[in-house]
Amino acid sequence: AVAVNVSRDGGLSWSDPATLSLTEFPGGEDKPSISADPFNPNRVYATWVNYSDLTRTVARVSRSTDGGESWEEPRTTYDTMDFGVTAVINGFQILALPDGTLVNVGRFFSAEGDRLLTQRSTDGGLTWAPTDATALSVSLNITRPSVITPDSDLIRSFFTSAAVDRNTGDLYVVWRDDRDEGGFQAVT
């Protein structure tokens with residue numbers, strides 16, 4: 001399940017958990033992320049993925065408009081089955097732009113390559129677009145080692161982290177790949 005607790009006293013005490021999602025897919029929920037809207041203190045967004053198996057992944061979002069006291073039913077923002085692709089999506093994070101637009105940033109892994117998946121909401125998270133293959137916006141050129149060793153980090157090394165400049169609305173996304181130098185890549 002995905003559950004959220006709220007503290008109103010700086011973390012000294014916590015509410016009982018509010019369950020946002022119970023497992024409805026055989027693979028369960030994965031990589032939940034929660035984001036407070038810096039421009040609206042009552043808005044909080046949670047996002048995660050549900051796995052049916054490695055051929056179907058569903059991105060989900062729930063929002064709170066009362067500072068986390070209650071949560072709306074989760075919405076599906078992207079389902080790989082809708083497009084007949086064998087891929088995994090994961091690692092989503094919701095960012096609020098100064099104009100009120102929300103951006104949901106995640107990763108798309110497939111045999112054809114890894115991509116940055118971005119979706120926008122202009123209505124506070126009620127709807128998300130695009131929901132089709134045009135959401136696959138940037139190729140990440142991920143390289144993985146040709147020889148797998150016990151020290152290879154093939155599972156966790158290529159997730160993204162994103163931030164927004166609150167003044168300009170510029171988005172920044174970074175990821176690590178497995179190049180020999182172990183370098184980081186960035187895109188804005």
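What share of the 188 residues of the protein count as buried? The figure is 42%.

## Model and confidence

This is a predicted model. The average pLDDT of the protein is 78, and 70% of the residues score at least 70. Over residues 152-157 the pLDDT is below 50, although this stretch has twelve contacts in the model beyond near neighbours in sequence. Where pLDDT is low, the predicted coordinates should not be read in detail.

## Overall make-up

The protein has 13 strands and zero helices. Of the contacts with a separation of 6 or more, 42% are between residues 24 or more positions apart. The protein exposes about 9,900 Å², and carbon and sulfur atoms supply 50% of that area.

## The nonpolar cores

The largest nonpolar core has eleven residues, among them V49, Y51, A59, Y78, I89, F92 and L117. Strands β4 (44-53), β7 (87-96) and β8 (102-110) each supply at least two of its residues. The largest share, four residues, comes from β7. There is also a second, separate core of nine residues, which includes L95, L97, V164 and V173.

V49 belongs to the largest core. Leaving aside neighbours within four places in sequence, V49 is in contact with residues including G28, T57, A59, I89 and F92.

## Strands β5 and β6

Strand β5 covers residues 56-64, and eight of its nine residues are buried. Strand β6 covers residues 75-79 and pairs with β5 in the antiparallel sense, over four bridges. One residue of β5, V61, has R75 in β6 as its bridge partner. In general, the side chains of a regular strand alternate between the two faces of the sheet.

## Two buried loop residues

T101 is found in the loop between β7 and β8. Its relative accessibility is 8%, so T101 counts as buried, the cut-off being under 20%. Apart from neighbours within four places in sequence, T101 is in contact with L95, A96, R120, S121 and T122. Of these contacts, L95 is also part of the second core.

G125 is found in another loop, between β9 (113-121) and β10 (136-139). G125 has a relative accessible area of 1% and is therefore buried. Not counting residues up to four places away in sequence, G125 touches R63, R75 and L102. G125 and T77 are 48 residues apart in sequence, while their C-alpha atoms are 9.7 Å apart in space.

## Salt bridges

How many salt bridges does the structure hold? There are four. In one of them, the side chains of E69 and R8 meet with an N to O distance of 2.6 Å. This pair links distant parts of the chain, 61 residues apart: E69 lies in the loop between β5 and β6, and R8 in the loop between β1 (2-4) and β2 (18-21). E69 is exposed, with a relative accessible area of 51%, and R8 is exposed at 56%.

The side chains of K31 and D30 meet in another salt bridge, at 3.1 Å from N to O. K31 is partly exposed at 24% relative accessibility, and D30 is partly exposed at 22%. D30 is also one of the residues in contact with V49.

R75 forms a salt bridge with E72, the closest N and O atoms being 2.8 Å apart. R75 is partly exposed, with a relative accessible area of 23%, and E72 is partly exposed at 24%. Salt bridges that share partners join R63, E72 and R75 into one network. Both R63 and R75 are touched by the buried residue G125.

Conventions: Residues numbered from 1 in each chain as written. Predicted model: local features only at pLDDT ≥ 70, side-chain atom pairs only at ≥ 80, totals over all residues. Heavy atoms only, no water. Core = buried A, V, L, I, M, F, W, Y, C linked by side-chain atoms within 4.5 Å. Buried < 20%, exposed > 50% of the residue type's maximum accessible area, 1.4 Å probe, protein only. Contact = heavy atoms within 4.5 Å. pLDDT = per-residue confidence, 0-100. Areas by Shrake-Rupley, 256 points an atom, 1.4 Å probe, with all protein chains shown as cover. Pairing = 2+ DSSP bridges.
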